[in-house]
Amino acid sequence: MSFSQDVQPIISKHCAECHLPNGQGHAASGFLVESYDSLMKGTKFGPVVVPGDAVSSSLYRLVAGEVDESIRMPHGKDPLPTAEIAVIEAWITQGAKNN
């Protein structure tokens with residue numbers, strides 16, 4: 001999996017609306033998705049990606065709906081398609097590399 005070719009388009013499509021500077025998601029959590037580095041930095045509460053371990057990665061758990069419905073991401077929108085969730089899961093499982 002490639003971050004730039006496979007993951008970034010999904011993040012841009014579903015997450016950037018709230019998780020860019022001055023967005024609601026950024027204000028609430030400190031999480032930015034403007035680059036690989038900002039995504040890997042995580043939130044003000046800690047990392048959201050644990051390379052090699054999708055189940056321990058809150059990014060995956062939040063978009064896959066493995067959390068309380070009230071905090072599923074994207075918040076207040078339709079869930080990500082299963083195929084896009086699988087891409088994020090595979091990328092994290094493969095080490096969440098910036099390639």
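**Note on the predicted five-helix chain**

1. The side chains of glutamate 66 and arginine 61 meet in a salt bridge, at 3.8 Å from N to O; the term requires a side-chain nitrogen of Lys or Arg within 4 Å of a carboxyl oxygen of Asp or Glu. Glutamate 66 is partly exposed at 36% relative accessibility, and arginine 61 is partly exposed at 29%. Here buried means under 20% relative accessible area, exposed over 50%, and partly exposed in between (1.4 Å probe, protein chains only).

2. The model is predicted: local features need pLDDT of at least 70, side-chain atom pairs count only at pLDDT 80 or more, and totals for chains, interfaces and linings use all residues. Residues are numbered from 1 along each chain as its sequence is written, and side-chain values use heavy atoms, with hydrogens and water left out.

3. The average pLDDT of the chain is 95, and 100% of the residues score at least 70; pLDDT is the predictor's confidence in each residue, on a scale from 0 to 100. Among the elements, helix H2 (residues 24-29) has the lowest mean pLDDT, 94, and H5 the highest, 98.

4. The chain has five helices and zero strands, in the order α-α-α-α-α along the sequence. These elements are DSSP runs numbered from the N terminus (helices: H or I, at least four residues; strands: E, at least two).

5. The count of salt bridges comes to four. One of them joins glutamate 84 and lysine 13, with the closest N and O atoms 3.6 Å apart. This pair links distant parts of the chain, since glutamate 84 lies in helix H5 and lysine 13 in helix H1, 71 residues apart. Glutamate 84 is buried, with a relative accessible area of 16%, whereas lysine 13 is exposed at 59%.

6. Arginine 72 and glutamate 69 also form a salt bridge, the closest N and O atoms being 3.6 Å apart. Arginine 72 is buried at 16% relative accessible area, while glutamate 69 is exposed at 58%.

7. Three aromatic pairs are found in a search of the whole structure. Rings of Phe, Tyr and Trp (its six-membered ring) pair if their centres lie within 6.5 Å; planes under 30 degrees apart count as stacked, over 60 as edge-to-face and the rest as tilted. Phenylalanine 3 and tyrosine 36 form an edge-to-face pair, 5.2 Å centre to centre with 75° between the planes. Phenylalanine 3 belongs to helix H1 (residues 3-14) and tyrosine 36 to helix H3 (residues 36-41), so the pair ties together parts 33 residues apart in sequence.

8. Tyrosine 36 also pairs with tryptophan 91: the ring centres are 6.4 Å apart and the planes lie at 85°, so this pair is edge-to-face. Tryptophan 91 lies in helix H5 (residues 82-93) and tyrosine 36 in helix H3, so the pair ties together parts 55 residues apart in sequence. Ring pairs thus link Phe3, Tyr36 and Trp91 into a cluster. Each member is buried: phenylalanine 3 at 4% relative accessible area, tyrosine 36 at 17% and tryptophan 91 at 1%.

9. For 99 residues, a compact globule would have a radius of gyration near 13 Å, and the 12 Å of the chain agrees; the radius is taken over C-alpha atoms, and the globule rule is 2.2 Å times the number of residues to the power 0.38. Of the 99 residues, 41% count as buried.
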